[in-house]
Protein chains: 2
Amino acid sequence: MAGLRAKQKADKNRRILEAATSLFRDQGYDSARIEDIAEMAEVSVGTLYNYYQNKGDILVATVAMEVTEVLEAGERIIANPPLDVEEALRTLIDQYYDHSLVYLSKEMWRTAMAISIQQPETPLSKRYTELDERLCAQVVQLVETLQRRGAIIASIDARAFGEVFFNNLNMMFIEFAKVDGMSLEELKTRVAAQHRPIATMISRVKAV
Amino acid sequence: MAGLRAKQKADKNRRILEAATSLFRDQGYDSARIEDIAEMAEVSVGTLYNYYQNKGDILVATVAMEVTEVLEAGERIIANPPLDVEEALRTLIDQYYDHSLVYLSKEMWRTAMAISIQQPETPLSKRYTELDERLCAQVVQLVETLQRRGAIIASIDARAFGEVFFNNLNMMFIEFAKVDGMSLEELKTRVAAQHRPIATMISRVKAV
DNA sequence: GAAAAAGATTGAATGAATTCATTTTTCAAG
DNA sequence: CTTGAAAAATGAATTCATTCAATCTTTTTC
């Protein structure tokens, strides 16, 4: 028994996510009607609600997949980071940012972040928050690695600096998502400018 | 002519805000129905929509008043801050945080922040964003003042550090609002711990 | 101070998300 | 194979924010 039921379920789930993502990107979150998503996914409205608690849940599920990918790409960077502090931070953060608009529009990000703030107790919001925490941990880990390898002075509190870097890059991403006219390049430049003085200050020696 | 119309308008506006705030605090934002707010304020639903574009607008208006008060209190602190960097930052930030729950519940904050992210183009969201920018400017100004008075080393970029401090305290406030079990004390302690190492690093001399 | 214009108010109608009682499909035991 | 129970699917009904054409109030004009 391969489980007909399980197979159908997985298939329907995939169809719902695909339909929703496509309509969200196309028409925007608000304009995409649940009825249309259901129709496109070839399920009834009721079924859709058996799979997701509400409209926002579908979006947050998509975003969670995206963040998961970013985390994996981040792993590769922190495994072997550039030994210049500023460059290492910039490499990791630009990677986050560059990935962000591959599947999702700014509006989708805004909506997803808004939902995860407003209804933090729904299962998918919790998942999103947890992924955020893992991103933060990744930045902390980068600072620790650089410290262990001698690029950052030994006396500083790696966790504190990592958290501050992360909260800053996260807040700046929110601002980026809010302002339609702001480009990825501008975001990266501004964050780099904010981090540079701190990076310089905690560097043990200038890279050659 | 004292303007009968103007007087009636101001009165209705006040009644709407009072009714809404009371119901939002009492039952939560989602459970408070527009019809109930209108009834409590003794206006029709249609009138309510002449005063505010939508349900969220009413909430954001309340929050904007709150932030305005915080800004004013902040002015007094940055006019004459403690000359120890860590203490000065802590004083200003604790002031922000302590004020935050006087009129508003965590849920109200969450909803207001979510709205300002999701619909950044509505007039009141813009107003909220602008107030946020002024808070940020205030933190930058504090850093500049401390630098001018010799408490912070002259070579650092006051704007960059101020922005990073602000983005951190703001992000931490979002987290605080998301987690019902997190106390104001815990929030303040955690943020202080994040800022302490940076403050130490940019201090010119330890305060006597 | 009467008539016209401008400004406000109203609540029933609209439209979309969400619910839930009913029906249909899968599964497993005999 | 049947069959009864469990799981899924369904779509009509409900709920609530928002709109708008009609009505009422204030202000202005002459």
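Which residues have the most contacts inside the largest nonpolar core? They are A:I37 and B:L59, and this core has 113 residues. A nonpolar core is a set of buried Ala, Val, Leu, Ile, Met, Phe, Trp, Tyr and Cys residues joined through C-beta atoms within 7 Å; buried means that 20 or more other C-beta atoms, placed from the backbone, lie within 10 Å of the residue's own.

The model is predicted: local features need pLDDT of at least 70 and side-chain atom pairs count only at pLDDT 80 or more, whereas totals for chains, interfaces and linings use all residues. Residues are numbered from 1 along each chain as its sequence is written, while chains are lettered from A and ligands numbered from 1 in the order in which they are written.

Beyond its neighbours within four places in sequence, B:L59 is in contact (C-beta atoms, placed from the backbone, within 7 Å) with B:F24, B:Y29, B:M108, B:T111, B:A112 and B:I115.

The two DNA strands are compared below; a residue is near a strand if its C-beta atom, placed from the backbone, lies within 6 Å of it. Pro joins the nine core residue types as nonpolar, Asp, Glu, Lys and Arg are charged, and the others, Gly among them, are polar.

| Strand | Residues around it | Closest residues |
|---|---|---|
| DNA strand C | 22 residues | A:R5, A:N54, A:K55, B:S44 and B:G46 |
| DNA strand D | 22 residues | A:S44, A:G46, A:T47, B:N54 and B:K55 |

The surface near DNA strand C has seven nonpolar, eight polar and seven charged residues.

The contact between the chains takes 25 residues from chain A and 25 residues from chain B. On the side of chain B that touches chain A, 15 residues are nonpolar, six polar and four charged.

Note on methods
A residue is buried if 20 or more other C-beta atoms lie within 10 Å of its own, exposed if 12 or fewer, and partly exposed in between; C-beta atoms are placed from the backbone. Two residues are in contact if their C-beta atoms, placed from the backbone, lie within 7 Å.
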